Amino acid sequence: MVLGIVDPVRFIIDLLAFFAIYSILSVSLNLEYGYCGIPNLGKVLFFAAGAFTVGGLCSRVGAYIFGINVAGLDFTRDNFAIVSQVTSSLSENPVTAMGLFVFMLALGTGIGGFLGFVASYPAIKLREDYLGITLLIAGELWRYVGKYYDPIVGGTLGVSVPSPFSWIGQTSTRDIAVIGVLLAFAGLTWFSVEKLVRAPFGRTLRAVRDHEEASEAFGKNVVRVRMITLIVGSALAALAGTLYAFYVGGVIADDFAEQKTFIAILMVTLGGRSNNIGSMLGSFIYVTTNALIRQYKYYVQVPFDLNYLAVMIFGIVLLIMLLRRPVGILPETPSKTVDFRRILEKMNIRDQKESGS
Amino acid sequence: MLVYANLLVLMTVGLTFTFITLKVPNFAHGDFVAIGAYVAYSLFRVAGTNPYQTLPVSFLVPGVIAMIAYVGLFRPLVRSGAGIATMMVAYLAAETVIFSCMLIYAQTMVLVTGFYFLSFIMTDVEVKIFGYGFELLPLASTLVVIGFAVILYLFLTRTKFGTAMRAAIENPSLASTLGIDVELIYAISWFIAGGLTGVAGGLITMAAPSGPYIGWVYITRIFAGSVLGGLSSIWGAILGGFIVGASEILGIYWLTTDFGVPTTWRIAIPFSILIVSLMVIPKGLTSLTPLRLLRRGRPLKRGE
């Protein structure tokens, strides 16, 4: 027990894992909201898409691969029996386990991207608020589907997810491996989104955000650009969702309420719109604060759940940020271009070569 | 069916009153329903009144909160040059703040008073006419809607302030050159918006289980109704709210009895109405030619 925290190692592991997952989510939202100006109010839909894919399919695919006899077992009622059988089989077959893990990630990401297309299709040509309304209601509908249609993720009971890392025997080694994988995915996401927004496509995004008519006049297909952004952003959010489901080890539909969207928007706005480092900073601040509240809330005596107060304060912080410092903690930086002297040097070298030959 | 549709009309008209001021739909609008419901329920628990007696309070409290939110928060944001995206985020943040306040209030009240505050339903007043007892709410909600529609109509067309209000909404800069206090009018619009929605919330406690979460339950229906009605038209909102409310109840009744669909799927009906109206008539019902006469205000294109 350190500083009132019962299990400090577990605390730090959880902190890093949720930081990795939420930073993927916030970077993906930053691509949509920060760079393209689409406030995706249905972000939770795509996060949930990834998680539902893992929750609904991972144990089924696992059972199919290992030939586990599930006849007569109900996916929801006997979920624990199925999942524990799959997990024990996975622990004996590391290669299959990793294959299943990667397959589920790819599938979840694909489904997320596809849903990004479907959910935004009706309103993509209209103003942002219509799009926001559509995505918001689609997210709500999606949660209803998960909650009241049991075969997907067990309805109100939820389902467990088999652990693909169970073949690593030692708990500490396994934790380090899991954290490594999660952080690697977060880093990879950050790197690829950063590359994407520094590329010509990123400049198009900012042009669309800053002046739609002007970018349209320069021949940019605004609707198409938005569509691509939403598909990429949704796929990344779904990736975060699959990792979340694997890390938490279970999926329950009510976990994916609109509050997750709010959290994502909070992380992006707090850290800095249109700044991927800022988004990661925002998610770090949120995850740390949330973890600390979770640890310390039992020391405070109030007649209500302290989490609600925390959410309220987060909301107020977000509003104050919007009023006082809308750019966030780390504001947008101008695109890095190649240093002018280097361009000159290159030109000189080329000139010398040409004159030499 | 009638109750639900009537109350949705009130909420949708409320949303329209906020939309015509800032031109961005208020995502925190559903929470005014929850506030209205809690006002009615708290007064019932504390003073033993029924929601009909406390209707004025259900109008005032959310109305004042909406006005404060506009003057203290949304107006400064718009003045500081916030775009649509920022406004939407601000609405979402405001929604979260109000929602958490409601949860904290409800949980505290459970401990303080010992009554259920997290989920409740109130019994309707029964009236006896010619020996037949019937519930008051279908009649009362209809009367409230018609009453408010008549009052609003008279207010907007017959009074000087109402005319000024329409002018300020149609063309704020021109209206302000004529000496109309546009800011005051917008603040009053928000007051009316919060009030109408709060009244709907106060009455809905007798028709459906309520709790802090009902803001989210109704915001989906409100948006479907508003988009169907054309967002910026008050008369379109009345039409849209009624259609969404009626078709949700009748539709799920039909689906349940004939196809055995569970009633939990009723949210799919407003959602499909929203999708269809976005794809077929994105400017809303009032943009259709036969309904042009009802049209007030201009539908917005993207980028406006």
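**Entry 1: two helices of chain B**

Before looking at any pair of helices I noted that an axis is a line fitted to C-alpha atoms, for helices over the stretch in contact, and that angles run from 0 to 180 degrees between N-to-C directions. I kept in mind throughout that this is a predicted model.

I then looked up helix α3 (residues 55–79) of chain B and helix α4 (residues 84–113) of chain B, and found that their axes come within 10 Å and cross at roughly 150 degrees. Since angles over 145 count as roughly antiparallel, α3(B) is therefore roughly antiparallel to α4(B). I also recorded that the crossing of α3(B) and α4(B) is right-handed.

Which residues make this contact? On the side of α3(B) I listed Ala69(B), Leu73(B), Phe74(B) and Leu77(B), and on the side of α4(B) I listed Thr86(B), Met87(B), Ala90(B) and Ala94(B). Sorted by class, the residues of this contact between α3(B) and α4(B) come to seven nonpolar and one polar, with no charged residue.

**Entry 2: where chain A touches chain B**

I turned next to the two chains together, where 39 residues of chain A are in contact with 42 residues of chain B. On the chain A side, at least two residues each are supplied by α5 (128–148), α9 (212–217), α11 (259–271) and α13 (306–324). Which helix gives the most to this side of chain A? I found that α5(A) does, with eleven residues. The residues with which chain A touches chain B divide into 26 nonpolar, five polar and eight charged.

**Entry 3: one serine**

I picked out Ser272(B), which I found in helix α11 (residues 268–280) of chain B. Ser272(B) counts as partly exposed, because it has 14 C-beta neighbours inside 10 Å. I also noted that Ser272(B) and Ala224(B), though 48 residues apart in sequence, are 8.7 Å apart in space, C-alpha to C-alpha.

**Entry 4: confidence**

Last, I looked up the scores, and wrote down ipTM 0.85 and pTM 0.87 for the model. Chain B averages a pLDDT of 84, and 94% of its residues score at least 70. Among the elements of chain B, α3(B) has the highest mean pLDDT, at 90, whereas strand β1 (residues 126–129) has the lowest, at 70. Over residues 296–301 of chain B the pLDDT is below 50, although this stretch has 15 contacts in the model beyond near neighbours in sequence. I added a caution for myself that, where pLDDT is low, the predicted coordinates should not be read in detail.

How values were computed: Residues numbered from 1 in each chain as written. Chains lettered and ligands numbered in written order. Predicted model: local features only at pLDDT ≥ 70, side-chain atom pairs only at ≥ 80, totals over all residues. Contact = placed C-beta atoms within 7 Å. Helix = DSSP H or I, 4+ residues; strand = E, 2+ residues; numbered from the N terminus. Nonpolar A, V, L, I, M, F, W, Y, C, P; charged D, E, K, R; others polar. Buried ≥ 20, exposed ≤ 12 C-beta atoms within 10 Å, placed from the backbone. Parallel < 35°, antiparallel > 145°, perpendicular 65-115°, else oblique. Left-handed = near helix turned anticlockwise from the far one by under 90°. pLDDT = per-residue confidence, 0-100.
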